[in-house]
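Student: I should like to look closely at a single part of this structure. Could you please take me through the sheet of the first chain and then relate that sheet to its surroundings?

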Amino acid sequence: MAELTIGVFSSLVGSTTLASAVKIAEAAMEKGHKVNFWTSGNATALAKKGQKKFQDYNFLQDKILELIEKGMEFTICEACAQARGMLKEDSHEQMKRAAMDWYLAKGFGSDRMLHIGGE
Amino acid sequence: MKLAAIVSDWRRTESTLERLKAEKLGVILVQNGVYHAVLKEGGQVSPVLGKEGAEYYVVKEDLETRGFAEADVDGKVKTITYGDLVDLIMNDYEKNAWL
């Protein structure tokens, strides 16, 4: 088993970039790898409670919670979330909040890092 | 260095690819990047497919989402699953760049 850290620094909820990142995370876990998942910027909205499923719209929250249950570590940039008015109580408690140090530490400690940059 | 460039957009990224130097280069087409594997302009394949010595891959699920089939894919591009993509990242290439 190896370790993969994925960082997404772009994308609003519903974007295909976030959907692809989650598909890669799921595929890696199915192969027995440990996955760490970090979001910055607008991608932190993935952690917000109360999101609604719409037809033909990427709804990723259930899948992320399922992957967390299976061992994925999911953390959002705390400052990015705060800057967007998303407080700790607005986020799912399984989705952690931390400073960028978390992402850097996970990246350095992983076998591979997939950094998906900003738009 | 063994480098995988993951191309996610239909934007013309060949100039970026041209500047990438690697002992082994893989170009993995995902999301709207899959159009490089199936569309032609003026009868010519996408310049993204023109990097000499590179291995090319396209994610089947992203192709099918956009209404294409494996039969539409250029002959130099191998069709893969998301699981295969993970194997490429974890086993075949040491570094990756998301374009």
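Tutor: What follows describes the sheet of chain A, the helix that packs on it, the side that touches chain B, and the sheet of chain B.

Please keep in mind that this is a predicted model. Let us begin with the chain as a whole. Chain A contains four helices and five strands, and along the sequence these elements follow the pattern β-α-β-α-β-α-β-α-β. The radius of gyration of chain A is 13 Å, close to the 14 Å that the globule rule gives for 119 residues, so the chain is as compact as a globular protein of that length. Its C-alpha atoms fill a box of roughly 35 × 30 × 30 Å along the principal axes. Of the 119 residues in chain A, 38% are buried. Among the contacts in chain A with a separation of 6 or more, 75% join residues that are 24 or more positions apart.

Now to the sheet itself. Strands of a sheet pair through backbone hydrogen bonds, in either a parallel or an antiparallel manner. In chain A, five strands form an open sheet in the order β4-β3-β2-β1-β5, and the pairing is parallel. The edges are taken by β4 (96-98) and β5 of chain A; each has a single partner strand, so one side of each is left without a neighbour in the sheet. From one strand to the next, the twist averages 20 degrees.

The partner of the edge strand β5(A) deserves attention. Strand β1 of chain A, residues 3-8, pairs with β5(A) in the parallel sense over five bridges. Within this pair, Leu4(A) stands opposite Arg112(A), which belongs to β5(A). Helix α1(A) packs on the sheet and touches β1, β2 (34-39) and β5 of chain A. The direction of α1(A) makes about 170 degrees with that of β1(A).

Two of these elements also appear where the chains meet. In total, 18 residues of chain A are in contact with 11 residues of chain B. On the side of chain A that touches chain B, α1 (16-30) and β5 (112-116) each supply at least two residues. The most is given by α1(A), with eight residues. By class, this side of chain A has seven nonpolar, six polar and five charged residues.

Chain B offers a sheet to set beside the one just described. There, five strands form an open sheet in the order β6-β5-β2-β1-β7, with parallel pairing. Strands β6 (77-80) and β7 (95-98) of chain B stand at the edges with a single partner strand each, so one side of each lacks a neighbour in the sheet. The twist in this sheet averages 25 degrees from one strand to the next. Strands β1 (residues 2-7) and β2 (residues 24-29) of chain B pair in the parallel sense over six bridges, and Leu3(B) stands opposite Leu25(B) in β2(B).

A helix packs on this sheet as well. Helix α4 of chain B, residues 82-92, touches β1, β2, β5 (55-59), β6 and β7 of chain B, and its direction makes about 155 degrees with that of β2(B). In α4(B), the residues Leu85(B), Val86(B) and Ile89(B) are buried. Seen down the axis of α4(B), its buried residues fall within an arc of 100 degrees, so they line one face of the helix.

Methods:
Residues numbered from 1 in each chain as written. Chains lettered and ligands numbered in written order. Predicted model: local features only at pLDDT ≥ 70, side-chain atom pairs only at ≥ 80, totals over all residues. Contact = placed C-beta atoms within 7 Å. Nonpolar A, V, L, I, M, F, W, Y, C, P; charged D, E, K, R; others polar. Pairing = 2+ DSSP bridges. Axes fitted to C-alpha atoms, helices over the stretch in contact; angles between N-to-C directions. Buried ≥ 20, exposed ≤ 12 C-beta atoms within 10 Å, placed from the backbone. Arc of directions from axis to C-beta. Rg over C-alpha atoms; globule rule 2.2 N^0.38 Å.
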